[in-house]
Amino acid sequence: MEDCAELLDISHVQLGDALAAGSAHDATTWLSAALTNQGTCGDSLAAVPATTGRERVRSRVGALSEYIGTALALHAKFKGGSGTTPPPPPSAASTPSSSPPNRRFPSWVSDHDRKLLESAVGGVTPDAVVALDGSGTHGSIGEAITAVTAALPPVGSSEAAVRVGRKVIYVKAGRYEESVRISSKQKDVMLMGDGKGKTVIVGHRSVADGYTTYDSATVAAMGSGFIAKGMTIINDAGPSKGQAVALRVGGDLSVVYQCDIEAYQDTLYVHSNRQFYSEDSISGTVDFIFGNSAVVIQNCDIHPRKPSTGQKDTITAQGRTDPNQNTGISIHKCRISSTSDIGDTKVYLGRPWKKYSRTIVMESYLDRSITPAGWLEWSGQFALSTLYYGEYDNTGPGAVTSGRVKWSGVHTSLSTADATRFTVRNFILGDSWLGNTGVSYTSGL
């Protein structure tokens, strides 16, 4: 119920933002996220025993989902906001000559944020410093977040509300055992560490220990404009504890840069909205990159690791529930290589968590741990004709597609035009928000 209450609050604001959106893509993004929130609420409710009260809430959430789905369909019909395929790439004539094919970050990242991302820790003046030895302004990350975001906008304030500016929290080297929460009202928060393996945040929550998947995250960031740089985020519940999230991100226009994200099942929850990951290392076992955001994961190292006995490793479980949602997982220019202890475990690129699951793997290296079939069913014939899985110009022994499953939604050799739809420039409109952050990214193919 706590998950549902939080998600309904977020949805209320997102629906208002969608009504006032200045672009069709923004409106589609926020409607898609609001619909995703209802699905997440339903998932959490399903984890508890049935009661009359629970079923009443599920009924209300189901009705709201239908309303949002109708809004998405109407928007797609009249405003061109369909999520069936991303917008086509602009013609050469319409592409600004000042927009190079390779930039440090997508252009929706401001000049100020770009400089922060490019700067060494010593070159940044933080709003708060977290240190275990007492040398900072706070002893925990949670305390620092509360302090720097104390002047929150009123409940119900939209994305268009006046924002207080970027808040930088420097987390000194050390091992921090806490559950970090950045709410949807805490916008433009940046967590900056001393580097991978130096600043380490560790959590232990899991479904086996009574938490919902949503609430199991070690770090959960639902505020828009979230940035994480130079840290390791771990959920160490272990492979036998089921779903145990290390990082959950649902804030729009979020960036995770030069971080390690480590767990087993459900490591990285790319929950909703637009997200970008660069120069990260992501490791896990079952469905370890999952969710329903519009996300590009670029120039990252993805490591399937040894699962519990009898489990199969699946890298992605994308959760698109409606064909008009503009969501999906795009893995671009990454390196997929299993850990040394994985043995003969079969590794799959993904499986369809929801009916319209969409995942693209392109221009990436796939090692020999990727099974020839490539993709795994979720349950029988579920979603096999409605999913969209694509591969484009990958290399390595796991990139051979002759043995791939023959489902109608699997496209083992995307055309350049189709693959271009899932680049930073087109899928998350990255040239309009990432370029000013300083994070390295490739705009197109």
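These legends walk through several close-up views of a predicted model.

**View 1. Meet the disulfide that joins Cys4 to Cys41.**
The structure holds 1 disulfide, and here its two sulfurs sit 2.0 Å apart. Why does this pair tie together separate parts of the sequence? Cys4 lies in helix H1 (residues 2-19) and Cys41 in helix H2 (residues 24-45), so the link bridges parts that are 37 residues apart in sequence. If you follow the torsion about the S-S bond, you get about 95°, so this disulfide is right-handed. Both Cys4 and Cys41 are buried. As a reminder, a disulfide is a covalent bond between the sulfur atoms of two cysteines.

**View 2. Cys300 and Cys334 are a pair of cysteines without a bond.**
Which cysteine has the sulfur closest to that of Cys300? It's Cys334, at 4.8 Å, and that is too far for a bond. Look from the other end and you get the matching story: Cys334 is in no disulfide, with the sulfur of Cys300 as its nearest cysteine sulfur. Are these two buried or exposed? Cys300 is buried, at a relative accessible area of 0%, and Cys334 is buried too, at 2%.

**View 3. Helix H5 has its buried residues on the same side.**
Helix H5 runs over residues 141-148, and its buried residues are Ile141, Ala144, Ile145 and Val148. They cover an arc of only 100° around the axis, which puts them on the same side of H5. The spacing idea is a handy one: an α-helix has 3.6 residues a turn, so residues three or four places apart point the same way. What covers the buried residues of H5? The cover includes several strands, among them S2 (128-130), S3 (167-171), S4 (174-177) and S7 (199-203). Now peek at the N-terminal end of H5, where Ser140 acts as a cap. A side-chain oxygen of Ser140 lies 3.2 Å from the backbone nitrogen of Glu143.

**View 4. Here is the largest nonpolar core, with 56 residues.**
Which residues touch the most other members of this core? They are Ile141, Ile169, Leu247, Tyr277, Ile289, Ile297 and Ile315. Helix H5 gives this core its largest share, 4 residues. Apart from this core lies another one, of 28 residues, and its members include Met190, Phe276, Val424 and Trp433. Zoom in on Ile297 and, leaving aside neighbours within four places in sequence, you'll find it in contact with residues including Tyr277, Ile282, Ile289 and Cys334. In soluble globular proteins, nonpolar side chains tend to be buried together.

**View 5. Thr267 sits in a loop between two strands.**
Strand S13 (260-262) comes before this loop and strand S14 (268-270) comes after. Is Thr267 buried or exposed? Thr267 counts as buried because its relative accessibility is 0%. Not counting residues up to four places away in sequence, Thr267 touches Val245, Ala246, Leu247, Ile261, Glu262, Ser283, Gly284 and Phe288.

**View 6. Pro304 belongs to strand S19.**
That strand covers residues 301-304. Pro304 counts as buried because its relative accessibility is 0%. How many residues apart in sequence are Pro304 and Ile342? The answer is 38, yet in space the two are 7.8 Å apart, C-alpha to C-alpha. Ile342 is also one of the contacts of Pro304 when neighbours within four places in sequence are left aside. Other contacts of Pro304 include Gly284, Phe288, Asp313, Ile315 and Val347.

Terms used:
Residues are numbered from 1 along each chain as its sequence is written. This is a predicted model: local features need pLDDT of at least 70, side-chain atom pairs count only at pLDDT 80 or more; totals for chains, interfaces and linings use all residues. Side-chain values use heavy atoms; hydrogens and water are left out. Buried means under 20% relative accessible area, exposed over 50%, partly exposed in between (1.4 Å probe, protein chains only). Contact means heavy atoms within 4.5 Å. The arc is that of the directions from the helix axis to the C-beta atoms. A polar contact is a pair of N or O atoms within 3.5 Å; within protein, one must be able to donate a hydrogen and the other to accept it, and residues adjacent in sequence count only if both atoms are side-chain atoms. A nonpolar core is a set of buried Ala, Val, Leu, Ile, Met, Phe, Trp, Tyr and Cys residues joined through side-chain atoms within 4.5 Å. A disulfide is a pair of cysteine sulfur atoms within 2.5 Å.
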